[in-house]
Amino acid sequence: MTFLDRLRRWIPKDTLPRRLWRRYKIWRYTSRLAGPKLVDAFARAYPGAYFIQVGSNDGEQLDPLRKAILSRPWRGIMIEPVPYVFSRLQQNYGHLQDRVRLENVAIAEHDGKQAFYHLARVADYAAEGLPQWYDALGSFRKEVLLKHVNFIPDIEQRVICSEVPSLSFASLLARNHVEQLDL
């Protein structure tokens, strides 16, 4: 029984601080998912894995590989096309530049520049009424973002289009001299 389970016995849910309660619910939900267990099993089988993570976001939020990347000698490439999110990725993983390469590109069918749709940066997502993961949304197709209207009612006004550099997956492998890919 966790600390919060014991706490909930004595203190009603609505009196716990909202942020603490929300974090606990997220932790409880994610701890039951198969994904983290699968990544842990993979990390044990491939302790020195080479990975490529497309759409890395900031490398913290909702990142199933973070624990393995930080605790093991994994090497690889983290890709994030949205410039303001890529800046946070650099802050979070810049110290690992000897084994983790950060790429501010989008993976596409061809090399060049392409229109990429994402949500505009906000100073405080909670004050704006946005979910914490709002900046994880991005696509070459605007309609993909607009499908999230149930979570972000004013999403159409928040979508912006940026020209981002794009690489094919084959070009990404060649550019980074990748010979073996484990994940």
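Colleague: How do you know that helix α5 lies across β2 and β3, and at what angle to β3 does α5 run?
Modeller: In this predicted model, α5 spans residues 83-93 and runs at about 165 degrees to β3. Angles are taken between N-to-C directions on a scale from 0 to 180 degrees, so a value of about 165 degrees puts the direction of α5 close to opposite that of β3.

Colleague: Which residues of α5 are buried?
Modeller: They are Tyr84, Val85, Phe86, Leu89, Asn92 and Tyr93. Each is called buried because its relative accessible area is under 20%.

Colleague: What do the buried residues of α5 pack against?
Modeller: Their packing partners are α4, β2, β3 and β5.

Colleague: What makes β1, β2 and β3 an open sheet, and why do β1 and β3 count as edges?
Modeller: The 3 strands follow the order β1-β2-β3 with parallel pairing. β1 and β3 (100-103) each have a single partner strand, so each has one side without a neighbour in the sheet. From one strand to the next, the twist averages 10 degrees.

Colleague: How do you know that β1 and β2 are paired?
Modeller: Pairing requires at least two bridges, and β1 is joined to β2 (residues 75-79) by 5 bridges, so the two count as paired. One of the contributing positions is Phe51, whose bridge partner in β2 is Gly76.

Colleague: What makes β4 and β7 a pair, and in which sense do they run?
Modeller: They run parallel, with 2 bridges between β4 (residues 106-107) and β7 (residues 159-167). The criterion is at least two bridges, so this pair meets it exactly at the limit. Ala106 stands opposite Ser166 in β7. β7 also pairs with β5 (residues 112-119), in the antiparallel sense and over 8 bridges. There, Ala115 has Glu163 of β7 as its bridge partner.

Colleague: Why is Asn57 called buried?
Modeller: The relative accessible area of Asn57 is 5%, which is under the 20% cut-off, so Asn57 is buried. Asn57 sits in the loop between β1 (50-54) and α4 (66-71).

Colleague: What is the phi of Asn57?
Modeller: Phi is near 55 degrees, a positive value in a residue other than glycine. Most residues other than glycine have a negative phi.

Colleague: Why is Leu62 called exposed?
Modeller: Leu62 has 65% relative accessibility, and exposed means over 50%, so Leu62 qualifies. Leu62 lies in the loop between β1 and α4 and has a positive phi of about 55 degrees although it is not a glycine.

Colleague: How do you know that Arg66 and Glu60 form a salt bridge?
Modeller: Their closest N and O atoms are 3.5 Å apart, and the limit is 4 Å, so the pair counts. Glu60 has 41% relative accessibility, which falls between 20% and 50%, so Glu60 is partly exposed.

Colleague: What makes Arg101 and Glu103 a salt bridge?
Modeller: The closest N and O atoms are 3.0 Å apart, which is within 4 Å, so the criterion is met. Arg101 is partly exposed at 42% relative accessibility, while Glu103 is buried at 2%.

Colleague: How do you know that Glu103 forms a salt bridge with Arg175?
Modeller: Here the closest N and O atoms are 2.6 Å apart, again within 4 Å, so the pair counts. The pair links distant parts of the chain, with Glu103 in strand β3 and Arg175 in helix α8, 72 residues apart. Arg175 is partly exposed, with a relative accessible area of 41%.

Colleague: Which residues are joined into one network by salt bridges that share partners?
Modeller: Asp58, Arg88 and Asp135 are joined in this way. The whole structure has 9 salt bridges.

Colleague: What makes the nonpolar surface patch, and how is Phe169 eligible for it?
Modeller: The patch of about 240 Å² is made by Val54, Phe169 and Leu181. A patch residue needs over 30% relative accessible area, and Phe169 has 32%, so Phe169 passes that threshold. Phe169 lies in helix α8 (residues 169-175).

Colleague: What share of the residues in the protein is buried?
Modeller: Buried residues are 37% of the 183. The accessible surface comes to about 11600 Å², with 53% belonging to carbon and sulfur atoms.

Methods: Residues numbered from 1 in each chain as written. Predicted model: local features only at pLDDT ≥ 70, side-chain atom pairs only at ≥ 80, totals over all residues. Heavy atoms only, no water. Buried < 20%, exposed > 50% of the residue type's maximum accessible area, 1.4 Å probe, protein only. Areas by Shrake-Rupley, 256 points an atom, 1.4 Å probe, with all protein chains shown as cover. Helix = DSSP H or I, 4+ residues; strand = E, 2+ residues; numbered from the N terminus. Patch = residues over 30% accessible without salt bridge, like charges linked within 9 Å, V, L, I, M, F, W, Y side chains within 5 Å. Salt bridge = Lys/Arg side-chain N within 4 Å of Asp/Glu carboxyl O. Contact = heavy atoms within 4.5 Å.
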